[in-house]
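Thank you all for making time this morning. I would like to walk through the empty spaces in one model, and then turn to a few strands and a single side chain.

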Amino acid sequence: MQLHQFRHSAFCEKVRLVLAAKGLDYTVVEVTPGLGQLELFRLSGQRQVPVLVDGSEVIADSTAIALHLERHHPLPALLPADPAERAQVLLLEDWADTALAGGCRLALLQAAGADPVLRTALLPDATPAPLRQLVSGLPSGVMGGMGEAIGEVFGPQHRRQLQGNLEQLAQLTAARPHLVGDKLSLADLAVVAQLSLLRFPASSGAPLAGRGVSGIADNPVLEPLFNWRDQVLAQLAPG
Ligand SMILES: N[C@@H](CCC(=O)N[C@@H](CS)C(=O)NCC(=O)O)C(=O)O
């Protein structure tokens, strides 16, 4: 199998976690934003990552990929057999992919506007050195403008909503190791993947690992949530 991805996309992380949970081998194709997405369009009929190529099948969208893998590699199951639990998992996954994903993405963009290390590290590996330097050295006035533009879309009330949701997740995960039922499910993986944008896990490598959105990544109230996230990731690490 081949996974076409952006390394730091949370939706691609979600698919990598599903592949890891099922112990499946695959190779990664790092897509270059812009030009690489034209090739992706030729391959899949749309321009977003992740895309999984499994033999003659080409599947776009992290949820469609997860369901494809669940069908072809049912063990360990990431969707519970019990219909009510299954419905809970699918609802939580959808919430993580939409409301939580939107909040995390905007919070990260805002943080990257103020942090040159963060915004340079998030550039694709294939970014030419001169462009990398340009992005890192952008004067604070320009980046401040970007921060303000994002601030209009992601205002204080959105930030409060994200913070509140994260505190609720912290409560849920303090009470039990899995969000639904007593086994790891797609709901856990979808949430864990989005949390990577708020505080980058060790697998993101230096200088991103441990960095993230200030006020969230370093908030003591949310420490148990990031610890839970790290435990889920440790469980899936090879070896
Ligand atoms: N619903 C999709 C969302 C995928 C998505 O938003 N991908 C982003 C990267 S995180 C992307 O490819 N953006 C590039 C673009 O839209 O041109 C999924 O679950 O896979």
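Which element gives the largest share of the lining of the second largest pocket? Before I answer, please keep in mind that this is a predicted model, and that everything I report has been computed from it.

The answer is helix H1, which supplies five residues of that lining. H1 has a partner here, since helix H10, residues 223-236, and H1 each supply at least two residues of the lining of the second largest pocket. This pocket holds about 390 Å³ of space, and of the 21 residues that line it, Glu-13, Arg-16, Leu-17, Ser-203 and Leu-233 lie nearest its centre. If we sort the lining by character, we find twelve nonpolar, five polar and four charged residues. It also draws on both parts of the chain, with at least three residues from each of domain 1, residues 2-72, and domain 2, residues 83-236.

Let me move to the largest pocket, where about 950 Å³ of space lies. Its lining comprises 34 residues, and those nearest its centre are Phe-6, His-8, Ser-9, Ala-10 and Arg-105. Two or more residues of this lining come from each of H1, spanning 10-21, helix H3, spanning 62-72, helix H4 and helix H7, spanning 140-153. Among these contributors, H4 gives the most, with seven residues. In character, the lining of the largest pocket divides into 18 nonpolar, nine polar and seven charged residues, and, as for the second largest pocket, at least three residues come from each of domain 1 and domain 2.

What about enclosed space, meaning cavities of 30 Å³ or more, and how many are there? The count comes to one cavity, and the space within it is about 30 Å³, so I would ask you to read that number against the 30 Å³ cut-off used for the count. The residues that line this cavity are Val-18, Ala-66, Leu-67, Glu-70, Leu-78, Leu-79 and Leu-186, and H3 provides the largest share, three residues. Six of the lining residues are nonpolar, none is polar and one is charged.

Leu-186 brings me to a particular side chain, because Leu-186 is also among the residues that Glu-93 touches, together with Lys-14, Thr-63 and Ala-190, once residues up to four places away in sequence are set aside. Glu-93 sits in H4, which runs over residues 83-114. Is Glu-93 buried or exposed? Its relative accessible area is 2%, and because the cut-off for buried is under 20%, Glu-93 counts as buried.

Finally, the strands. Strand E1, residues 2-5, pairs with strand E3, residues 51-54, in the antiparallel sense over three bridges, and in this pairing His-4 stands opposite Val-51 of E3. E3 in turn pairs with strand E4, residues 57-60, again in the antiparallel sense, this time over four bridges, with Val-53 standing opposite Val-58 of E4. These two strands, E3 and E4, form a hairpin that has two residues between them, and in the turn Gly-55 has a positive phi of about 60°.

To return to where I began, H1 gives five residues to the lining of the second largest pocket, whereas in the largest pocket H4 gives the most, with seven.

Note on methods
Residues are numbered from 1 along each chain as its sequence is written. This is a predicted model: local features need pLDDT of at least 70, side-chain atom pairs count only at pLDDT 80 or more; totals for chains, interfaces and linings use all residues. Side-chain values use heavy atoms; hydrogens and water are left out. Buried means under 20% relative accessible area, exposed over 50%, partly exposed in between (1.4 Å probe, protein chains only). Contact means heavy atoms within 4.5 Å. Two strands pair if DSSP finds at least two bridges between them. On a 1 Å grid over the protein atoms alone, a cavity is a set of points where a 1.4 Å probe fits but cannot get out, and a pocket is an open set with protein on both sides within 12 Å along at least five of seven lines; lining residues have an atom within 4 Å of a point. Grid points are joined across faces, edges and corners, and a volume is the space filled by probe spheres set on the points. Ala, Val, Leu, Ile, Met, Phe, Trp, Tyr, Cys and Pro count as nonpolar, Asp, Glu, Lys and Arg as charged, and the others, Gly among them, as polar. Domain bounds come from an automatic or database domain assignment.
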